[in-house]
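User: Hi! I'm new to reading protein structures, and I'd like to understand the words people use for them. Could you take me through this one?

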Amino acid sequence: MKKKIIVSIFLILGFIFVALWYLKIVYSVPVLMYHNVDNNAKKSCLSVTPETFEKQMLFLKEHNYQVISLDKYVDLLKSGKKPKKKSVVLTFDDGMENNYTTVYPILLRYGMPATFFVVTDWVGNHEVMNWQQIEELNKNILFSIQSHGLSHKELDKLTIGEIDTEGRESKKRLESKLKTEIKYFCYPCGSFNAVSKEILKLNGYKAACATHPGKETALNDLFAIRRIRISDSADDLFIFWAQISGYYTFFKDRRIKK
């Protein structure tokens, strides 16, 4: 009887050890993807309310999450180093004006870094940031402006020449306006293929953000960085906690497989 108990204890400890080892292997830093922070959350899956967004940032602060820059995350991927648990990256797509009027002051209040991907042809359009606002954001050490393409066209539907134009011209325009190196690209609608990845590399980009490229894509693929779209469902902080756990993408892959 005593021998059986000892064997059972060793089996349980062995299971716990293997489980913890496996969780460490599949953990990945959650890179969060926002678009609009406005009052249209009930109408659009690309919006969260200002109240929800501030509640989420407060949650990160109060629960000691480390919000790291996209630069730091890319450096971790390059080096193959495992990030600290409870790390999070914040990204915003499209360059909407509410990113300046609403997001900017909230991030400043909590001292959190973020990357804003702008569509250069859209700058100054209705409800989109203008160059003055973009330049102000970029001057703050917490924030980075990067490319979301020239016209928001899905790269996997374009010719080689068109892909080159989207990457090269948007980079050139941003660097000319902001007087800083543009290192990162964000695929419009998350759409890309092997050709677009190679063209972006040739245009001098260091990495590119996707959405959810699927489990076949390596976790350390610099030109297919996985991100988690945050919608108004994450007003429920339990859902938000699950999304920032570091395991959300892994379990989503398993669910899609089924």
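Analyst: Happy to help; we will go through the terms one at a time. The model is predicted, so local features need pLDDT of at least 70 and side-chain atom pairs count only at pLDDT 80 or more, while totals for chains, interfaces and linings use all residues. Residues are numbered from 1 along each chain as its sequence is written, and side-chain values use heavy atoms, with hydrogens and water left out.

User: How many helices and strands does the protein chain have, and what makes something a helix or a strand?

Analyst: The protein chain has nine helices and 10 strands. Both are DSSP runs numbered from the N terminus: a helix is a run of H or I with at least four residues, and a strand is a run of E with at least two.

User: Why is threonine 52 called buried?

Analyst: Buried means under 20% relative accessible area, exposed means over 50%, and partly exposed lies in between (1.4 Å probe, protein chains only). Threonine 52 has 2% relative accessibility, so the residue counts as buried. Its place is in helix α2. Leaving aside residues up to four places away in sequence, threonine 52 touches Asp232, Ala234 and Asp235; a contact means heavy atoms within 4.5 Å. For the protein chain of 258 residues, buried residues make up 49%.

User: What makes the pair of lysine 55 and aspartate 235 a salt bridge?

Analyst: The rule asks for a side-chain nitrogen of Lys or Arg within 4 Å of a carboxyl oxygen of Asp or Glu. For lysine 55 and aspartate 235 the N to O distance is 2.9 Å, and the two side chains meet in a salt bridge. This pair links distant parts of the chain, 180 residues apart: lysine 55 sits in helix α2 (residues 50–62), and aspartate 235 in the loop between β10 (228–229) and α8 (237–243). As for the idea behind the rule, side chains of opposite charge can pair when their charged atoms come close. By this rule the count comes to 12 salt bridges.

User: Are lysine 55 and aspartate 235 buried or exposed, and how do you know?

Analyst: Neither word fits. Lysine 55 has a relative accessible area of 33%, so it is partly exposed. Aspartate 235 also has a value of 33%, and is therefore partly exposed.

User: What about aspartate 221 and lysine 197: how do you know that they form a salt bridge, and are they buried or exposed?

Analyst: Their closest N and O atoms are 2.8 Å apart, and they form a salt bridge. Aspartate 221 lies in the loop between β9 (207–209) and β10, while lysine 197 is in helix α7 (residues 194–202), 24 residues apart. Aspartate 221 has a relative accessible area of 18%, so this residue is buried. Lysine 197, at 16%, therefore counts as buried.

User: Where do glutamate 198 and lysine 201 sit relative to each other?

Analyst: They are three residues apart in helix α7, so about one helical turn separates them. Their salt bridge has its closest N and O atoms 3.2 Å apart. Glutamate 198 is partly exposed because its relative accessibility is 42%, and lysine 201 is partly exposed because its value is 40%.

User: Why is α2 called roughly parallel to α4?

Analyst: Two packed helices are described by the angle between their axes and the distance between the axes. Axes are lines fitted to C-alpha atoms, for helices over the stretch in contact, and angles run from 0 to 180 degrees between N-to-C directions. Under 35 degrees counts as roughly parallel, over 145 as roughly antiparallel, 65 to 115 as roughly perpendicular, and the rest as oblique. The axes of α2 and helix α4 (residues 98–110) come within 11 Å and cross at roughly 20°. That makes α2 roughly parallel to α4.

User: What makes α5 and α6 roughly perpendicular, then?

Analyst: The axes of α5 and helix α6 (residues 160–178) come within 10 Å and cross at roughly 75°. The two helices are therefore roughly perpendicular to each other. Trp131, Ile134, Glu135 and Asn138 of α5 make the contact with Arg173, Leu174, Lys177 and Leu178 of α6.
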